[in-house]
Amino acid sequence: MSNELLFRCSRLHSLTTEPKSKADKEKGELSKTAKNMIREIWLEKTYGYKEEVITDELMKGLLCEQDSISLVQKVLGGEFRIKCPTPKSNDFIKGHCDIELKKEDVIEDIKTSYNLRTFFNAELEDVYYGQGQGYMELYGKKNYRLIYCLVPTPEKMILEAKKRLYFKFDCNEDNEDYIKLCEQIDYNNNLILQIPLNERLKIFNFEYNAEYIDKLYKKIIKAREYYKSLSLNSIV
């Protein structure tokens with residue numbers, strides 16, 4: 001195994017983003033998006049500096065991961081699903097998929113939608129395509145299943161949302177607008193359990209793309225060169 005910099009699967013899309021210049025595209029140069037991502041990695045590895053942003057959407061995903069996996073199991077059936085215990089890496093990339101099916105040539109990635117609206121609008125984003133290609137490369141699978149799940153939000157998050165409203169309304173719990181908003185929060189969350197299970201999954205399938213991986217590895221070679229050229233007073 002090489003001691004060179006490895007890139008997480010969740011960041012692969014940034015690496016393969018094309019630069020705006022036609023000449024740079026033809027030369028296979030890195031895009032500004034890719035360079036910005038590499039600079040973030042450099043700051044973290046060199047100084048331990050990183051900016052962690054824990055949004056409500058991310059928190060629900062963390063808290064409801066098992067609920068979503070259970071929903072997938074109930075609807076899709078098949079072999080019993082557990083969170084994949086083993087991260088993997090090669091000479092270029094590293095990652096830890098959600099579900100590695102042993103009896104099927106499939107990797108599954110579980111995304112917990114924040115609410116009914118985000119589930120309704122969920123689509124196959126480029127970032128997940130890149131992540132999926134990386135996982136398939138690492139785990140030796142040829143098919144990828146991206147699954148958006150709609151499950152209820154935990155009660156403690158509901159209470160926190162109401163608390164934020166409480167302070168916005170000057171701690172007046174008798175305010176009619178405050179009461180209506182809290183009722184709507186409860187309604188939106190309770191509504192989820194009234195929707196049939198099979199309608200609470202949105203699934204996108206795609207296959208392993210060897211050309212994408214070849215292009216990715218070439219970008220990683222350039223990314224490593226750029227990484228080694230950085231210093232704190234580098235000019236962007």
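In which sense do strand S4 and S5 pair, and over how many bridges? Strand S4 (residues 99-100) and S5 pair in the antiparallel sense, over two bridges. What you're looking at is a predicted model, where local features need pLDDT of at least 70 and side-chain atom pairs count only at pLDDT 80 or more, while totals for chains, interfaces and linings use all residues. Residues are numbered from 1 along each chain as its sequence is written, and side-chain values use heavy atoms, with hydrogens and water left out.

**View 1. Four strands, S4-S5-S6-S7, make an open sheet.** The pairing in this sheet is mixed. Its edge strands are S4 and strand S7 (201-207), each of which pairs on one side only. Strands here are DSSP runs (E, at least two residues) and helices are too (H or I, at least four), numbered from the N terminus. Two strands pair if DSSP finds at least two bridges between them. S4 is joined to S5 by a hairpin of five residues, and S5 pairs with strand S6 (residues 143-149) in the parallel sense over seven bridges. Zoom in on Glu108 in S5: Ile99 stands opposite Glu108, and in S6 the bridge partner of Glu108 is Arg145.

**View 2. Strand S5 (residues 106-112) is mostly covered.** Seven of its seven residues are buried, and buried means under 20% relative accessible area (exposed is over 50%, partly exposed is in between; 1.4 Å probe, protein chains only). In a regular strand, side chains alternate between the two faces of the sheet. Here, Val106, Glu108, Ile110 and Thr112 sit on one side of S5, with Ile107, Asp109 and Lys111 on the other, and both faces are covered.

**View 3. Cysteines, but zero disulfides.** A disulfide is a pair of cysteine sulfur atoms within 2.5 Å. Why doesn't Cys84 bond to Cys97? Cys97 holds the closest cysteine sulfur to that of Cys84, but at 3.9 Å it's too far for a bond. Cys182 misses out because its closest cysteine sulfur, in Cys171, is 12 Å away. Cys84 counts as buried, at 6% relative accessibility, and Cys182 counts as buried at 9%.

**View 4. Asn90 sits in the loop between strand S2 (88-89) and strand S3 (93-95).** Is Asn90 buried or exposed? Asn90 is buried, because its relative accessible area is 19%. Its side chain reaches the backbone nitrogen of Phe92 at 2.7 Å. The Asn90 side chain also makes a polar contact with the side chain of Tyr217, at 2.9 Å. A polar contact is a pair of N or O atoms within 3.5 Å; within protein, one must be able to donate a hydrogen and the other to accept it, and residues adjacent in sequence count only if both atoms are side-chain atoms.

**View 5. Asn233 lies in the segment after helix H10 (210-229).** With a relative accessible area of 65%, Asn233 is exposed. Its side chain makes a polar contact with the side chain of Ser231, at 2.9 Å.

**View 6. Tyr47, Tyr49 and Leu232 form a nonpolar patch on the surface.** Together they have about 360 Å² of accessible area, worked out by the Shrake-Rupley method with a 1.4 Å probe; for residues, only the protein chains shown count as cover. Patches are made of residues with over 30% relative accessible area and no salt bridge, with like charges joined within 9 Å and nonpolar side chains (Val, Leu, Ile, Met, Phe, Trp, Tyr) within 5 Å. A salt bridge is a side-chain nitrogen of Lys or Arg within 4 Å of a carboxyl oxygen of Asp or Glu. Tyr49 is in the loop between helix H3 (32-47) and helix H4 (56-63), and counts as partly exposed at 43% relative accessibility.
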